[in-house]
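Reader: I would like to go through this structure with you, beginning with its charged pairs and then turning to its domains and strands. Could you take my questions one at a time?

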Amino acid sequence: GKKLGYTFNHRNLHNISLGQGQEVVAEQALDLAAKEGHWVILQNIHLVAKWLSSLEKQLEQLGEGSQRDFRVFLSAEPAPCPQSHLIPQGILENSLKVTSEAPTGMQANLHRALDNFSQDTLERCSQEKEFRSILFALCYFHAVVAERRKFGAQGWNRPYPFSSGDLTISASVLHNCLQASSKVPYDDLRYLVGEIMYGGHITDDWDRRLCRTYLEEFIKPEMLEGELCLAPGFPLPGNMDYNGYHQYIDDVLPPESPHLYGLHPNAEIEFLTQRSERLLRTVLELQPRGSSTGQGALGTREEMVQALLEEMLEKLTDEFNMAELVAKVEERTPYAVVALQECERMNALTAELRRSLGELELGLKGELTMTSDMEALQNSLFLGTVPESWLKRSYPSTASLGSWFADLLARISELEAWTRDFSLPSTLWLGGFFSPQAILTAVMQTAARRNKWPLDTMTLQWDVTKKSREDFASAPREGAYVHGLFMEGARWDVQAGSIADARLQELTPAMPVLFVRATPGDKQDSRALYPCPLYRTRQRGPTYVWTLNLKTKESPSKWVLAGVALLLQV
């Protein structure tokens, strides 16, 4: 083994970690093992992608005439996507596949996190009580951030590859900090773990706030006084041995629920609904495309698409006459500029709809040759999804085709009403804009011109009214009224004038009309406020629009952990 340069753990076992030119060593070990009936373990084969075809040929040759006890074990990291699969099909077909699935549920994740340590780990620190308490809290923190991914965008705006390495390094940092200081450096620990160890993965500012809030709730002086609950009904355990902690998890941890992550039970409804929708969409895509849709159906696939596109073309209105609109504008105020920009973008979108639907109609009649783009459009219309070419010119949306088209017609109607005389509507449908940020910036520009304020120091103040859209007959003298916002993760208590816990099965309750106005930056009162992100869709992340400071009678950290946000489209 020493001559070949690989690890020889046992006289019948060859263990080789691939990479850095170990391919030749592996080939020699395979030849030897095949003759002697040894076992060969080849680790990290994903690091030698170009060599795998040679490995496939060698294994095929060694399969004949080798000792009956000869075995080969291959290990690799999972591919991030199907296009990144590297292992040749021949190897996969002739092997038994074993995968290490990530644990599901808080209990399994917490046990898995604790499995990274041992009794020796618990006894190696001089401040044993502090080390054990904080280490268990870190294990719970790791389990929470890893399993929270299943709740989609309400869990994390973006998925992150948190791993056991983050936890073990954090435990080493904890040990070093406690050994170097007689007092527990809570602030330093939270910063190192939240901003570096785990925060190094995080790219979204709102996700970074969530990570930081978890650590502020889990790692604080109260944890050593027996007053800290990691979740409702799950207090931080006292001083125990290693097996005692595992037993404590089995005995005390409440049943799996969103409460363990700080989320509202509605988050599980949303998560299960989305998973069911994905399953049904996959089943729909797998059905035959060339036949009738079944007994009692409306007809063939082509007939259904033809009827749908005729209906859409009939309902689609004419494009806005930009020359007439520009001539109608008496003063190019910030609001008028936004209205004209919205009309231009709407024209580009409706022109693409009319062009693509017209081409497909001719293709179905046999007057044009069907292209790949036309087939993709036909497939989208049949499956009820918004075609890709439309989305490129459209606004972010997760709606099905029917809802998306009805929403499009409503947006056109709003623009038509606004551009009749270019006077600001009594209430603005904020979700009806291609660029909601543009109209909000226009509010600040208008106030800046009127009051001679510097634009770069201004902010928006949001006041939630107690009225609905129908209660307003005219726009305010300053600022604007906006409607069409929905809250996810909580609800707005109109009587109390603050955020409150959501009601069961009310996933996205509508907000009352909001009054938005511009103020100088130094006049904002931030006490008892929750900085609530506003997104365009449930995808959150890249659809961020603005931040609203909403009144709360409870700690803002509760709403951070609950993933509370405002949405413009549900």
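**Salt bridges, domains and a sheet**

Author: In this predicted model, a search of the whole structure finds 23 salt bridges.

Reader: Which residue meets the side chain of arginine 538 in a salt bridge, and how far apart in sequence are the parts that the pair ties together?

Author: The partner of arginine 538 is glutamate 488, with an N to O distance of 4.0 Å between the side chains. Arginine 538 belongs to the loop between β14 (529-535) and β15 (544-551), while glutamate 488 sits in strand β10 (residues 486-488), so the salt bridge links parts whose separation in sequence is 50 residues.

Reader: How is the chain divided into domains, and what area is buried between domain 2 and domain 4?

Author: The division gives domain 1 (2-94), domain 2 (106-265), domain 3 (299-423) and domain 4 (425-569). To the contact between domain 2 and domain 4, domain 2 brings 17 residues and domain 4 brings 22 residues. Carbon and sulfur atoms give 58% of the area buried between these two domains, which is about 1500 Å².

Reader: How many salt bridges and how many residue pairs in polar contact are counted between domain 2 and domain 4?

Author: Between domain 2 and domain 4 the count of salt bridges is zero. On the side of domain 2 that touches domain 4, the residues by class are seven nonpolar, five polar and five charged. For residue pairs in polar contact between domain 2 and domain 4, with both residues at pLDDT 80 or more, the count is eight.

Reader: In the open sheet of four strands, which residue in β9 stands opposite leucine 428?

Author: The sheet has mixed pairing and the order β7-β9-β13-β8, with β7 (428-429) and β8 (458-464) as its edge strands. Two bridges join β7 to strand β9 (residues 480-483), and these two strands run parallel. Opposite leucine 428, the residue in β9 is valine 482.

Note on methods: Residues are numbered from 1 along each chain as its sequence is written. This is a predicted model: local features need pLDDT of at least 70, side-chain atom pairs count only at pLDDT 80 or more; totals for chains, interfaces and linings use all residues. Side-chain values use heavy atoms; hydrogens and water are left out. Domain bounds come from an automatic or database domain assignment. Contact means heavy atoms within 4.5 Å. Buried area is the accessible area (1.4 Å probe) that two parts lose on being put together, summed over both. A polar contact is a pair of N or O atoms within 3.5 Å; within protein, one must be able to donate a hydrogen and the other to accept it, and residues adjacent in sequence count only if both atoms are side-chain atoms. Ala, Val, Leu, Ile, Met, Phe, Trp, Tyr, Cys and Pro count as nonpolar, Asp, Glu, Lys and Arg as charged, and the others, Gly among them, as polar. Two strands pair if DSSP finds at least two bridges between them.
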